[in-house]
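Visitor: I'd like a tour where every label gets justified. Can we put the structure up and start talking?

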Amino acid sequence: MRLAEKYGYLPYMVERYLEIFGSLEETVEFLEACEHPLRRSIRCNTLKTECSSLESRLREKGFRLEPVPWAPHGFWVTGSTVSLGATLEYLLGYYYIQGAASMLPAYSLSPTADDLVVDMAAAPGGKTTQLAQLMGNRGAILAVEASRRRVKALRASLNRMGVTNTVVLRMDARMLAPLKNTFSKVLLDAPCTGEGLIPLDPSRKRSRTIGDLKKASSLQVELLLTAIDIASPGGVIVYSTCSIAPEENEYVVSRVLRMRSGVRVSEPGISVGDPGLIEYRGLLFEEAKMCRRLYPHRHGTEGFFTCRLVKEK
Amino acid sequence: MQAGEREVVFRKASPWEKRLLRKTLADSFGEEALNVLRGGEIYAVEAYWVELHLLGAEVEKLTGIIGRLGRHPYSAGLFLGWVRRGSFTPSLPLIQLIVGIAERGVVYVSEKAGMLFLYGRDILCSSVLRVKGGKPRRRQLVIVANKRGEALGLGVFEKKGSVCVENKLDLGWYLRRAG
């Protein structure tokens, strides 16, 4: 309670952090890290430019850049003289402002020009444009977004980044169920409480109740069930959230695997992150060790979770 | 730049819409500009106005799959521009593809003028460095580009006092309106 009060969190959140990290010391480390803004990062858009050329143009403008070791197109921006979203290079679509951790799901999904891909919660377009980049604007992507307002931002991102292999559909992704066994790659970056984004938005320390957490978790289960159903046999599904809540992550994956046979967790194909939680509040989920968790105090990123599933042939 | 709030209808572009698109591009930027339309099918998204989109084979196939849901796509493929009151206006993504292959209708401007253009300002004649393909006709659509040849937006060539190009659409739209 004292920690929650000191750092301004709702008490249920800190109680869970103590369980996740297993020690008071690390919980405090985590809470401290959340007090500081994160390094910003960008993803160079190879659909429109070469990364080396972008790098030199931005350096000329006074940006200090460092490659993100686990993201081939990612750069940390450690210093800049102008706002990242106000450069000509940004407007030309040469880069996307994207959290380094949130670049991981697309790399984990690893789509190619031969894939039919669906991005089930696509706005504002960071991951959709990254998928298109990895596919070289070939193949096809269905980008689904329920919110009328957010679909506009999604379209603007696709236009700015030069994406031409995508169809945008405004609907609740749960309604995709009739498209069973259709997509070779499915990305579900699920709507979540955003508990991993506290360093970027401290209001989240108190704005999400345990009721919100339960609601998010139920929605995520429904969405992940749909994701599995619409994946083709042999298809890959990547589930991710910008939350560190096990209720939105390992619990969701574990519950869905109990409800659907013929799906398994697989190695994520990324070189960063801690294994998922195998045990949490009585839940045992051995396969979660192949999922990945990222934390501000350990990885210098937003709190993030990603897990790769394969649907058997 | 959006299809509006009304429920959208997605359909193949009509012959008239296709003719209007091709005529606008050829008249303003030369026949070479039509190469960007190669290998794709033109579709229209209709709401308050009509938007044209270019779909490659795989994307077109995907729209067929979506048809099983009884839903119309909000957009698809390359957004080409929109048709309103009988005229076609090219989109920002389209002019970025055309700028490198246009035979005419590209106005290269100084860095400072380019930056001001991104804030919605017109181009002064004194800021024009060169014009590809000779002086444009009055009211011709032109692409405004910087020294590197990067398209900054779309304008209308109109000499009015010290102004040579009226701003019609610029990349600053992504900041001003997109969110």
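Guide: Sure, and keep in mind that this is a predicted model. Let's start in chain B, where strand E7 (residues 106–109) and strand E10 (residues 141–145) run parallel and are joined by three bridges.

Visitor: What makes E7 and E10 of chain B a pair?

Guide: Two strands pair if DSSP finds at least two bridges between them. E7(B) and E10(B) have three, so they count as a pair. One of those spots is B:Val106, whose bridge partner in E10(B) is B:Ile143.

Visitor: Which helix packs on that sheet by touching E10 and E11 of chain B?

Guide: Helix H1 (residues 15–29) of chain B does, touching E10 and strand E11 (151–160), and its direction makes about 60° with that of E10(B). Helix H4 (residues 111–118) of chain B lies across E7, E8, E10, E11 and strand E12 (163–170), running at about 95° to E11(B).

Visitor: What is the strand order in that open sheet of chain B, and what is the pairing?

Guide: The six strands go E8-E12-E11-E10-E7-E9, with mixed pairing.

Visitor: Why are E8 and E9 of chain B said to stand at the edges?

Guide: Strand E8 (123–124) and strand E9 (128–132) each have a single partner strand, so one side of each has no neighbour in the sheet.

Visitor: What about the open sheet of five strands in chain B?

Guide: That one is ordered E1-E2-E3-E5-E6 and its pairing is antiparallel. Strand E1 (9–12) and strand E6 (87–90) are its edges, since each has a single partner strand and so one side left without a neighbour in the sheet. From one strand to the next, the twist averages 30°.

Visitor: How do you know that E2 and E3 of chain B pair?

Guide: Same kind of test: at least two bridges are needed, and strand E2 (residues 41–46) and strand E3 (residues 50–55) of chain B, running antiparallel, are joined by six. Within E3(B), B:Leu54 is the bridge partner of B:Ile42. Helix H2 (residues 57–66) of chain B lies across E1, E2 and E3, at about 120° to E3(B).

Visitor: Over to chain A. Why are H10 and H11 called oblique?

Guide: The axes of H10 (residues 210–230) and H11 (residues 250–259) of chain A come within 9 Å and cross at roughly 50°. Angles under 35 degrees count as roughly parallel, and 65 to 115 as roughly perpendicular. The crossing fits neither range, and H10(A) and H11(A) are therefore oblique. Their contact has nine nonpolar, two polar and one charged residues.

Visitor: And what makes H2 oblique to H3 in chain A?

Guide: H2 (residues 11–21) and H3 (residues 24–33) of chain A have axes that come within 8 Å and cross at roughly 120°. Roughly perpendicular stops at 115 and roughly antiparallel needs over 145, so H2(A) ends up oblique to H3(A). The crossing of H2(A) with H3(A) is right-handed. A:Tyr17, A:Leu18 and A:Phe21 of H2(A) meet A:Leu24, A:Glu26, A:Thr27, A:Phe30 and A:Leu31 of H3(A).

Visitor: How many residues does the hairpin between E2 and E3 of chain A run through?

Guide: Six residues join E2(A) to E3(A) there. Strand E2 (residues 64–67) and strand E3 (residues 74–79) of chain A run antiparallel with four bridges, and A:Glu66 stands opposite A:Trp76.

Visitor: What ipTM and pTM does the predictor give the complex?

Guide: An ipTM of 0.95 and a pTM of 0.96. Chain B averages a pLDDT of 94, with 96% of its residues scoring at least 70.

Conventions. Residues numbered from 1 in each chain as written. Chains lettered and ligands numbered in written order. Predicted model: local features only at pLDDT ≥ 70, side-chain atom pairs only at ≥ 80, totals over all residues. Heavy atoms only, no water. Helix = DSSP H or I, 4+ residues; strand = E, 2+ residues; numbered from the N terminus. pLDDT = per-residue confidence, 0-100. Axes fitted to C-alpha atoms, helices over the stretch in contact; angles between N-to-C directions. Nonpolar A, V, L, I, M, F, W, Y, C, P; charged D, E, K, R; others polar. Contact = heavy atoms within 4.5 Å. Left-handed = near helix turned anticlockwise from the far one by under 90°.
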